[in-house]
Amino acid sequence: MTAPRPLIGFGQVRHTRLRPVRNAFAYPTYFLMLPLRSLHDGSATGHTDLAHNRRGLLSFHDADHGDGRANAVQWLDELLAREGIHDADGEAWLHCYPRVLGFTFKPVSFWYCHRKDGHLRAIVVEVNNTFGERHCYLLEQPRYGAELVADKVFHVSPFCKVEGGYRFRFMRCDTPATPRTVVRIDHDDADGPLLQTSVSGSLQPATSAAIRQALWRYPAMTLGVVARIHWQALKLWTKRVRFFHKPAPPEAFVTR
């Protein structure tokens with residue numbers, strides 16, 4: 001079996017608000033797709049300029065995820081074990097933003113947890129808000145292309161109540177010519193569909209050339225993520241969309 005290698009995806013983030021006024025945007029982006037278990041045990045292949053747990057122009061730090069420890073896979077395994085999942089002991093692929101010039105903000109990251117035989121066992125959706133809070137949605141027995149649901153329990157935007165639910169759909173095309181990933185997350189409230197979001201991209205090995213391409217095309221990408229969040233919030237405020245104060249975070253860290 002070929003050892004996995006870190007990947008980088010170049011694509012687009014799309015977001016559409018349907019009510020009470022329409023607000024839509026699409027931004028180019030890039031993201032990492034990392035075989036974290038292989039990176040930690042040294043079996044991952046491929047030369048890359050991606051710095052792992054050290055300083056670099058473009059880097060990945062385990063401490064940006066989970067409970068902040070130096071090995072986020074250990075945190076992931078403990079989380080799954082507490083939830084009664086003991087067979088997700090294969091590769092753990094993490095779809096996330098990197099640190100760029102030492103800065104990062106990760107609105108949402110996706111942990112694809114596989115069994116030893118390669119089958120997808122669970123997906124952990126790790127959400128951060130701009131108040132420094134974090135929450136995880138655990139999706140069990142997922143299938144690519146199938147719709148998965150979870151109640152919304154965690155505050156993300158001051159222009160949305162913490163109510164209703166999410167509809168997730170994960171799609172992956174692994175053809176050698178055009179490997180590609182798409183994640184859709186739609187939010188419905190009591191009145192029906194409210195938000196439609198997606199992140200998609202074409203995947204390629206995270207070679208030194210690919211890392212340079214990312215830095216050259218988007219030199220301050222993660223700072224741009226935060227700036228765009230606040231710009232879109234300002235637009236909603238000027239459109240007089242109702243503002244909701246942040247409630248206390250949920251007592252449980254994981255929602256199934």
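Begin by selecting Asp77, which is partly exposed, with a relative accessible area of 29%; here buried means under 20% relative accessible area, exposed over 50%, and partly exposed in between, computed with a 1.4 Å probe on protein chains only. The model on the screen is predicted, so local features need pLDDT of at least 70 and side-chain atom pairs count only at pLDDT 80 or more, while totals for chains, interfaces and linings use all residues. Residues are numbered from 1 along each chain as its sequence is written, and side-chain values use heavy atoms, with hydrogens and water left out.

**From Asp77 to the helices**

Keep Asp77 selected and add Arg37, with which Asp77 forms a salt bridge whose closest N and O atoms are 3.0 Å apart; a salt bridge is a side-chain nitrogen of Lys or Arg within 4 Å of a carboxyl oxygen of Asp or Glu. Asp77 lies in helix α2 and Arg37 in helix α1 (residues 36-41), so this pair ties together parts that are 40 residues apart in sequence. Helices (H or I, at least four residues) and strands (E, at least two) are DSSP runs, numbered from the N terminus.

Now colour the whole of helix α2, residues 72-82, which lies across β5, β7, β8, β9 and β14 and runs at about 70° to β7. The angle is taken between axes that are lines fitted to C-alpha atoms, for helices over the stretch in contact, and runs from 0 to 180 degrees between N-to-C directions. Then move to helix α3 (residues 208-217), which lies across β1 (7-17), β2 (23-35) and β13 (192-205), at about 35° to β1.

**The sheet**

Show the strands next. Eleven of them form an open sheet with mixed pairing, in the order β10-β11-β12-β13-β1-β2-β5-β7-β8-β9-β14, where two strands pair if DSSP finds at least two bridges between them. At the edges stand β10 (147-151) and β14 (254-255), each with a single partner strand, so one side of each is left without a neighbour in the sheet. To see how β14 is attached, select strand β9 (residues 134-140), which runs parallel to β14 and is joined to it by two bridges; the bridge partner of Cys136 in β14 is Val254.

Go now to strand β7 (residues 108-114), where six of the seven residues are buried, so the strand is largely enclosed by the rest of the structure. Strand β5 (residues 92-96) runs antiparallel to β7 and is joined to it by four bridges, with His95 standing opposite Phe110 of β7. Strand β8 (residues 120-128) also pairs with β7 in the antiparallel sense, over seven bridges, and Val108 stands opposite Val127 in β8. Follow the chain from β7 into β8 and you pass through a hairpin with five residues between the strands, where Gly118 in the turn has a positive phi of about 95°.

**Two residues of β8**

Select Glu126, which lies in strand β8 and, at 0% relative accessibility, counts as buried. What does the side chain of Glu126 reach at 2.7 Å? It is the backbone nitrogen of Gly66, and the same side chain of Glu126 makes a polar contact with the side chain of His65 at 2.9 Å. A polar contact is a pair of N or O atoms within 3.5 Å; within protein, one must be able to donate a hydrogen and the other to accept it, and residues adjacent in sequence count only if both atoms are side-chain atoms.

Add Arg134, which forms a salt bridge with Glu126, the closest N and O atoms being 3.6 Å apart; Arg134 is partly exposed, with a relative accessible area of 25%. Then select Asn128, another residue that lies in strand β8 and counts as buried, at 10% relative accessibility. A polar contact of 2.7 Å joins the side chains of Asn128 and Arg134. Leaving aside neighbours within four places in sequence, Asn128 is in contact (heavy atoms within 4.5 Å) with residues including Phe105, Pro107 and Phe154.

**The salt-bridge network**

Finish with Arg167 and Glu147, whose side chains meet in a salt bridge of 3.4 Å, N to O. This pair links distant parts of the chain, with Arg167 in strand β11 (residues 165-173) and Glu147 in strand β10, 20 residues apart. Arg167 is partly exposed at a relative accessible area of 23%, and Glu147 counts as partly exposed at 42% relative accessibility. Extend the selection to Arg169, Arg184, Asp186 and Asp188, which are linked with Glu147 and Arg167 in a network of salt bridges; across the model, the count comes to 18 salt bridges by this rule.
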